[in-house]
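Colleague: Before I use a model like this one, I would like to learn how its contacts should be read. Could we go through them together, one feature after another?

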There are 2 protein chains.
Amino acid sequence: MARPRQATSTDVARQAGVSQATVSVVLSGVRSNIRVSDATRRRVLAAAADLGYAPHPAARALRQRRSGAIGFLPRPERGLPFEHPIHYLLSIHTARAALDRGYQLVEAGVETDALRGSDALVQFLVNRRVDGVLFDGPRTAAEVRRVVDRGLPAVQILRPRPDVATPTVTVDAAPGIAAAIDHLVGLGHRAIAFLGKSGAAPVDRARLDAFTAATARRGLAIPGDYIRLIAGDYGLEHGRALTRELLALPERPTAIFAASDSLALGAAHALYEAEVRVPAAMSLISYDDTLAPQLYPPLTGVAQPFAAVAERAIALLVDQIERSDGPAAEPERVVLPTRLNVRRSTAPPAAGQASDDVVGGARGGQGARPMA
Amino acid sequence: MARPRQATSTDVARQAGVSQATVSVVLSGVRSNIRVSDATRRRVLAAAADLGYAPHPAARALRQRRSGAIGFLPRPERGLPFEHPIHYLLSIHTARAALDRGYQLVEAGVETDALRGSDALVQFLVNRRVDGVLFDGPRTAAEVRRVVDRGLPAVQILRPRPDVATPTVTVDAAPGIAAAIDHLVGLGHRAIAFLGKSGAAPVDRARLDAFTAATARRGLAIPGDYIRLIAGDYGLEHGRALTRELLALPERPTAIFAASDSLALGAAHALYEAEVRVPAAMSLISYDDTLAPQLYPPLTGVAQPFAAVAERAIALLVDQIERSDGPAAEPERVVLPTRLNVRRSTAPPAAGQASDDVVGGARGGQGARPMA
DNA sequence: ATGAAAGCGCTAACAA
DNA sequence: TTGTTAGCGCTTTCAT
């Protein structure tokens with residue numbers, strides 16, 4: 001019930017019979033082993049342990065002019081939390097990676113009424129005096145520049161703005177998607193549909209390009225209406241709508257590749273409603289691999305290495321923070337590979353589904369790309 | 001590219017032609033309107049806006065002896081993030097609620113190798129000098145006492161330790177579960193199974209008790225083998241196993257109530273595997289209602305009011321922090337109701353499923369409770 | 001109505 | 001090898 005004031009370094013000093021500064025040197029000084037005699041060191045350590053001493057973060061931050069905090073600005077997403085599992089994973093992994101290096105993660109994504117718009121969010125972090133900022137898919141280049149121009153270290157992940165020179169950590173969709181196509185072709189599929197997103201974002205484009213390249217390499221001719229793109233964002237309801245369109249085609253595909261977990265979830269809904277069994281009547285592969293393992297059946301999926309992305313990004317950021325010698329001439333660009341996790345949503349096509357008939361046309365040709 | 005040092009209150013003072021103390025009074029003093037002349041106030045405000053001034057959090061914390069941070073110790077959970085969607089929701093909602101009141105949430109759940117065991121996590125928060133701690137289902141009473149004995153405000157939510165006197169915010173399962181049973185009975189179900197968890201935790205007990213009370217009130221006699229409890233924690237694989245047991249019974253139930261979303265997810269897996277269509281051949285209701293809306297079909301579910309829990313809990317905590325006049329004699333206990341969200345996993349039982357035949361025995365009797 | 005001054009707990013430069 | 005000192009930016013008496 002007492003309110004035992006937390007011990008300060010002065011308390012430790014008194015108990016150890018040394019000066020307060022000595023305590024500081026022993027407990028946090030870089031050169032403590034050189035500077036301080038062994039006997040003194042031991043006495044200080046013992047006193048600190050005895051009193052349960054821990055340095056006061058605010059005092060330390062004030063003096064060092066470093067908060068020990070890293071700002072995280074997640075990608076803006078609308079909708080329910082579980083429509084955006086990626087955010088949860090990134091949040092957890094970046095927080096952990098930061099903690100492992102002695103930093104605390106301050107996230108600007110939890111919007112409150114007082115904080116609207118990206119400028120306000122950046123300002124929020126700057127006002128918190130974070131030592132650096134991690135951007136996941138910044139809304140604008142200006143937003144990143146505001147941070148960089150302040151002299152604050154910044155790193156961009158997953159969907160970087162190419163027009164701002166910061167280190168980046170991104171993911172290469174190609175290896176995982178190639179493996180996915182190989183897997184499907186190996187099972188006997190030739191009529192494979194793609195559910196994705198149109199638009200200029202390189203990341204979304206890359207998924208389609210990887211699909212196109214992988215199918216072409218395996219000699220599949222994918223008809224244009226097997227490639228269905230939505231104009232809006234990834235979202236469950238879009239996945240459902242696109243899948244309904246696929247099912248309405250005269251020649252159904254035997255497998256669907258969805259360029260995001262939420263599209264795959266929507267596809268699963270549509271297939272369930274239409275009583276098309278997965279994987280017996282339709283194979284389904286998703287990209288992201290966050291929710292996918294929890295569906296029934298658990299989906300075969302192309303996994304993004306979120307933990308590794310977070311770790312590398314935090315490492316790059318901390319390096320910038322702790323290396324005082326200006327920014328490197330050429331900011332580092334880390335690219336991490338995707339990989340395939342085979343689960344239970346893929347199987348050979350049903351006997352009646354003659355893939356060769358379905359696809360038709362010249363084999364080995366490049367799949368047509370639709371307008372939308 | 002310049003590194004424009006963030007403006008300090010001294011900068012603002014210089015520009016406004018007043019003393020630094022006056023700036024502080026104007027910008028953060030409680031009695032600023034009384035003390036300072038209008039003309040001075042305006043000049044200070046203008047200068048502050050002009051320089052983009054924001055107070056330095058560390059300096060303020062150091063001086064005020066309050067960090068402005070609230071610690072959050074989530075319930076320990078093993079497994080993948082998406083086996084524990086509740087954590088995500090609580091995390092988001094508490095962070096937002098804290099922010100709305102000017103506090104920052106520091107979460108101790110993101111375990112790093114350096115932090116193992118609850119004592120270390122509590123210590124982590126104390127060392128961070130949080131102004132109060134929010135506990136979700138503390139592992140031990142000692143853990144809470146360590147915080148309380150330090151004179152730190154504490155609040156427990158969802159699964160409080162009754163043996164420590166802190167304010168609590170909990171959820172009453174009964175209204176939602178009663179509504180769920182009424183809904184099922186209204187559809188014509190009489191053979192309703194319960195998937196839950198055994199053990200001494202009041203919260204888990206309460207769900208079963210609410211189910212038993214609600215079915216009894218509607219005159220249903222639930223046979224003992226319709227009530228299936230796992231000894232371990234809630235988990236997808238348990239839900240699947242229990243559901244397989246149900247499906248193996250000579251007289252299958254026509255509806256399943258799962259006492260958590262993860263159990264429901266497991267049940268959905270098992271039903272899918274057994275080709276038992278939901279809701280045509282089996283109705284399914286879950287408790288928690290986090291993942292449930294995203295399944296196919298979206299599950300009818302009993303929703304816990306997580307946002308409200310977070311808001312009330314933060315309010316109680318902040319009240320304690322900002323009211324200096326000791327702890328109230330009787331800590332406040334807030335109880336919030338659950339409610340039913342009807343979706344598409346519930347429907348009348350199929351024609352062949354004669355509930356009355358299935359249940360048998362005396363009607364109106366209380367359902368037997370199994371050993372396990 | 002305003003300013004001067006002290007001090008929160010710490011680190012880092014300098015003295016001894 | 002250790003101690004002394006200054007000061008990070010702010011809030012809060014206490015004078016004026």
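Colleague: Which side chains of chain B and chain A meet in a salt bridge, and how many salt bridges does the rule find across the interface?

Modeller: A salt bridge is a side-chain nitrogen of Lys or Arg within 4 Å of a carboxyl oxygen of Asp or Glu. Here the side chains of Arg344(B) and Glu273(A) form such a pair, with 3.3 Å from N to O, and across the interface of chain B and chain A the rule finds 4 salt bridges. This is a predicted model, in which local features need pLDDT of at least 70 and side-chain atom pairs count only at pLDDT 80 or more, whereas totals for chains, interfaces and linings use all residues. Residues are numbered from 1 along each chain as its sequence is written, chains are lettered from A and ligands numbered from 1 in the order in which they are written, and side-chain values use heavy atoms, with hydrogens and water left out.

Colleague: How many residue pairs are in polar contact between the two chains, and which element gives the largest share of the side of chain B that touches chain A?

Modeller: A polar contact is a pair of N or O atoms within 3.5 Å; within protein, one must be able to donate a hydrogen and the other to accept it, and residues adjacent in sequence count only if both atoms are side-chain atoms. Between chain B and chain A there are 17 residue pairs in polar contact, both residues being at pLDDT 80 or more. With helices (H or I, at least four residues) and strands (E, at least two) taken as DSSP runs numbered from the N terminus, the largest share of the side of chain B that touches chain A comes from α6(B), with 9 residues.

Colleague: What area is buried between the chains?

Modeller: The size of an interface is often given as the accessible area lost when the parts come together. Buried area (1.4 Å probe, summed over both parts) amounts to about 5,900 Å² between chain B and chain A, and carbon and sulfur atoms give 57% of it. Counting contact as heavy atoms within 4.5 Å, 61 residues of chain B are in contact with 62 residues of chain A.

Colleague: By what turn and shift can chain B be laid on chain A?

Modeller: Two copies of a chain are related by a rotation about an axis and a shift along it. When the copies are superposed by least squares on the C-alpha atoms of residues with pLDDT of at least 70 in both, a turn of 180° and a shift of 0.0 Å along the axis lay chain B on chain A with an RMSD of 0.0 Å. The two copies are thus related as by a two-fold rotation axis, and in chain B the C-alpha nearest that axis, 2.3 Å from it, belongs to Ala58(B).

Colleague: Which residues come nearest to DNA strand D, and where does Arg63(A) touch the two strands?

Modeller: A residue is near a strand if one of its heavy atoms lies within 4 Å of it. Around DNA strand D there are 27 residues, of which Ser37(A), Thr40(A), Ser9(B), Gln20(B) and Arg63(B) come nearest. A polar side-chain atom of Arg63(A) lies 3.2 Å from a base nitrogen of DNA strand D, and a polar side-chain atom of Arg63(A) lies 2.4 Å from a base oxygen of DNA strand C. Phosphate oxygens of DNA strand D are approached as well, at 2.9 Å by a side-chain N or O atom of Ser28(B) and at 3.1 Å by a backbone N or O atom of His56(B).

Methods
Buried area = accessible area lost by both parts, 1.4 Å probe.
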